[in-house]
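Here are a few exercises to work through with the model open beside you. Try each task before reading its solution.

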Amino acid sequence: MKVLITGANGFIGKNLVAHFAERKCDEVVVFTRKNSVSELPKLLGDVDFIFHLAGVNRPIEPTELVSGNVSLTQALCIGVAASGRKIPIIYTSSTQAGQDNAYGNSKRGAEEALLALSKEYGVPVHIFRLPNVFGKWSRPNYNSAVATFCHNIVRDLPIHINDPSAIITLTYIDDIVESFIKVMEGVITDSPYVEVHPKYESTVGQLADQIQAFKDSRATLITEPVGTGLIRALYSTYVSFLPPDNFSYQVPQYGDSRGVFVEMLKTKDAGQFSYFTAHPGITRGGHYHHSKTEKFLVIKGDACFRFRDIQSGVFHELHTSGENPQIVETIPGWSHDITNTGNSEMIVMLWANEVFDRERPDTFACPVGVAT
């Protein structure tokens with residue numbers, strides 16, 4: 001497939017170009033601000049599909065809306081008609097095309113040019129009326145409030161919100177690109193208008209609070225639920241705004257003669273992650289829990305785990321090492337410890353099902369002892 005992407009250096013264009021580079025089976029022709037409209041007929045050449053992403057939404061002069069949205073689209077339509085081929089076109093319009101303002105009128109004018117082309121020449125046209133779009137490579141103070149909030153909060157700059165309760169509709173860049181590809185491949189056949197799913201709704205204040213919580217999590221170590229949905233997409237966007245000198249951050253480390261204990265990550269409802277070290281011959285633990293459970297994974301060295309049921313006195317012992325990855329779980333009501341039985345430092349990853357609470361630690365000293 002040979003495709004033409006107008007606006008290839010824009011926010012959406014950059015993401016689409018990156019996805020095509022991963023496919024390796026498509027040839028991409030780009031049209032950017034460096035190109036003139038007169039080059040369009042030549043660029044159209046033998047392309048099989050057009051992604052018309054170029055446009056103007058924050059002009060210096062109002063006339064730029066007409067030239068950048070309507071006139072450019074009309075020139076593209078003339079080029080496609082002159083080619084004599086029914087080259088499918090995806091166009092990124094805006095939800096504002098349904099509103100009576102200068103920007104909305106210019107996007108609607110571009111839509112009308114494409115619809116006229118489709119009606120007269122049978123060219124397949126797929127129009128995406130996009131709401132606020134966010135994701136990596138978006139521009140602060142230009143593409144969306146999300147980009148502005150992420151950029152400023154990362155850099156400790158103030159943000160300005162006129163109405164925190166104002167509702168905002170959002171779509172994520174990866175979902176848009178996925179929809180584009182599905183249209184090109186014929187998986188989505190909607191025409192002339194195509195809906196992107198999922199769409200998210202939030203208030204401006206909630207967005208700002210959520211993005212601030214991402215920043216705060218570095219200090220508290222308590223992560224937000226960033227695995228799915230809007231929060232996942234917002235977190236990915238937030239992290240994309242981190243400058244290189246802010247890619248890393250310190251976490252607490254507690255050391256004594258036995259080794260070190262380092263906390264990495266805490267969650268609101270699924271415990272916390274950490275790791276510890278132990279010098280040869282050192283034993284850690286010697287306690288039990290009523291409800292807390294843990295998972296240990298030795299990633300370096302050799303270990304002996306010992307358990308004893310605090311009521312029945314039943315004893316159990318097992319050995320594991322970094323060369324044989326094996327999860328060892330602690331059991332409520334069983335006292336347990338771990339000993340470094342090797343000749344070098346032992347490193348152990350640890351997950352506990354709850355965040356440690358110094359007021360209610362649920363940890364009670366009880367030596368395991370030896371087998372009897």
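**Exercise 1. Find out why Cys304 has no disulfide partner.**

Step 1: look for the closest cysteine sulfur to that of Cys304; it belongs to Cys366 and is 17 Å away, too far for a bond. A disulfide here is a pair of cysteine sulfur atoms within 2.5 Å.
Step 2: count the disulfides by this rule, and you get 0.
Step 3: check the surroundings of the side chain. Cys304 is buried because its relative accessibility is 7%, and Cys77, at 8%, counts as buried too. The classes are buried (under 20% relative accessible area), exposed (over 50%) and partly exposed (in between), with a 1.4 Å probe and protein chains only.

Before you go on, a note on the source: this is a predicted model, in which local features need pLDDT of at least 70 and side-chain atom pairs count only at pLDDT 80 or more, while totals for chains, interfaces and linings use all residues. Residues are numbered from 1 along each chain as its sequence is written, and side-chain values use heavy atoms, leaving out hydrogens and water.

**Exercise 2. Work out which parts the pair of Phe214 and Tyr238 ties together.**

Step 1: apply the pairing rule. Rings of Phe, Tyr and Trp (its six-membered ring) pair if their centres lie within 6.5 Å; planes under 30 degrees apart are stacked, over 60 edge-to-face, and the rest tilted. The count comes to 10 aromatic pairs. One of them joins Phe49 and Phe51, whose centres are 5.0 Å apart with planes at 40°, so this pair is tilted.
Step 2: turn to Phe214 and Tyr238, also a tilted pair, with 5.7 Å centre to centre and 45° between the planes.
Step 3: place both residues. Phe214 lies in helix α7 (residues 204-220) and Tyr238 in helix α8 (residues 229-240), so the pair ties together parts 24 residues apart in sequence. Helices (H or I, at least four residues) and strands (E, at least two) are DSSP runs, numbered from the N terminus.
Step 4: check burial: Phe214 has a relative accessible area of 2% and Tyr238 one of 5%, so both are buried.

**Exercise 3. Describe the setting of Asp46.**

Step 1: locate Asp46 in the loop between α2 (40-44) and β3 (49-52).
Step 2: at 48% relative accessibility, Asp46 is partly exposed.
Step 3: list its contacts (heavy atoms within 4.5 Å). Apart from neighbours within four places in sequence, Asp46 touches Lys2 and Arg85.
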